[in-house]
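Let's take a friendly look at a pocket and some aromatic rings. Have the structure open while you read.

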Amino acid sequence: MRYRLVEEADLPACLELFDRNGRCAVSPRVREQLPRLWSEWLAQDRRFPKSFVLWESLGSARGSGLHAIGTAHFVRDEVYDLLMSAPQPYLLDRLYGMVLDGERPFLDQREIAQANAGEGLSLLMSLYLQREHDLEHPDSHRLRPLGTAAWYFCHAGFNVRRLLSEVYGRPGGAYMEAGGFELVQVFEAGPGMPPDSEACQLVLDRANQPPRAMQPLSLWLLHPQPPVLGLSASLQAVAIHALQGDTDRAIAARLGISPDAVKQAWRAILKAVATHMPELCADTTDATADGATPVRGAEHRRVVIEYLRQHMEELRPWSAKASKVRPDASS
C-alpha cells in the first residue's frame, strides 16, 4: 500500500469511494458540483501540489485498489473563526457551499506565502474516508502509519498555527485525540446515515496546546522553521514531485516543461545547496585518503532529496515581505 497525491484521472474513483462510504453528508448541489470543484482546484497553479491524497494498493488497476482519500485546505482566518463559532457537521459541505455561493474561503498561493512567513496558517482538514471504516480491520492498521506520512508530506514545513479536522465515528475521534488533537464537538449521525458515523470535529491550536500534546503533529505545529535555500516556486515544484519518486521525464510531463528544463532546475537546486550548505554535498571528486567512493552528481541529488524530505519548509511558499512578523522558530 502507498499514498500519493490525487490527479485528475483519479477523481471518478475518489467520487465512487465518497458515495459508497456514505459517512460524509453533502447537499445535492455540492455533490453535483463536486467533480468540477475538485477538478478546478487541482488545476490551480500546478506548480503547487494540492493536499488531496489517496491511499491505494500497489499493482492494482487505477481506482480498483483505492483504500482511502483525504483533503485539506488553507482557509481564510475569518472562515476558520466562523466554523469554530457556529459549529455544524460536515465541513466539506460547508466549505464548498461557500464556494458555490461566490465566496472565497481558500487562500491563494500569494496569501499562503504571506501567512506562512507571518503569523501562521489556518488549516481545514475537511475530509478523510476509508473504504473499511472499522479501525480494527487489517487495512486500517496498514493505513495508520501511511496516514501520518501523508500528513507530513502535505503539511510539514508550513507555519500552521491551528487546524480543524473532521473524522467519522467515535473510534476515529478517539484515535485523533490520542495523537494530540482536542475533541471539540461530536454530531450525531444524520437521517439515513450509518449510526456509527458521528461527525467528530477536533482541533490543534498553537495558542492552546496542552502539555501532554507532544505527538508528532503537535511538534510540527509548535515549531515551524524558516527555509534556508530560498528556492524559487519552479524549483520547489520540481523537487516536491521528485520526493514522490517521479522521474525527470514524469516531472516534465506533470509540469508541462521539457526534460532539459528539469535538468536545469536540478542544477539550480544543487547550486543553491552548494551556496548555502556546502557541507551537505561537498565535492569529493578527488580520491579520499581512506579510499572511500567519491560523491558524484547522482549521489548529490540523492543527498539533497533526503535533506528536503526532512526539511519540507524548503518547498513551501514563502514571502520575504512578511518574514518580519514570523514567530520565532529558533526553539
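On a 1 Å grid over the protein atoms alone, a pocket is an open set of points where a 1.4 Å probe fits, with protein on both sides within 12 Å along at least five of seven lines; lining residues have an atom within 4 Å of a point. A volume is the space filled by probe spheres set on the points, which are joined across faces, edges and corners. By that recipe, the largest pocket holds about 1000 Å³ of space.

This is a predicted model, where local features need pLDDT of at least 70 and side-chain atom pairs pLDDT 80 or more, while totals for chains, interfaces and linings use all residues. Residues are numbered from 1 along each chain as its sequence is written, and side-chain values use heavy atoms, leaving out hydrogens and water.

The largest pocket has 44 lining residues, and Tyr128 is among those nearest its centre. Helix α6 gives the largest share of that lining, nine residues (helices are DSSP runs of H or I, at least four residues; strands are runs of E, at least two; both are numbered from the N terminus).

Now the rings: there are seven aromatic pairs (Phe, Tyr or Trp rings, using Trp's six-membered ring, with centres within 6.5 Å; planes under 30 degrees apart are stacked, over 60 edge-to-face, the rest tilted). Here are two of them.

| Pair | Centre to centre | Angle between planes | Type |
|---|---|---|---|
| Tyr3 and Phe153 | 6.2 Å | 55 degrees | tilted |
| Trp55 and Tyr128 | 5.4 Å | 85 degrees | edge-to-face |

Trp55 sits in strand β2 and Tyr128 in strand β4, 73 residues apart. Trp55 counts as buried because its relative accessibility is 5% (buried is under 20%, exposed over 50%, partly exposed in between, with a 1.4 Å probe and protein chains only). Tyr128, at 25%, is partly exposed.
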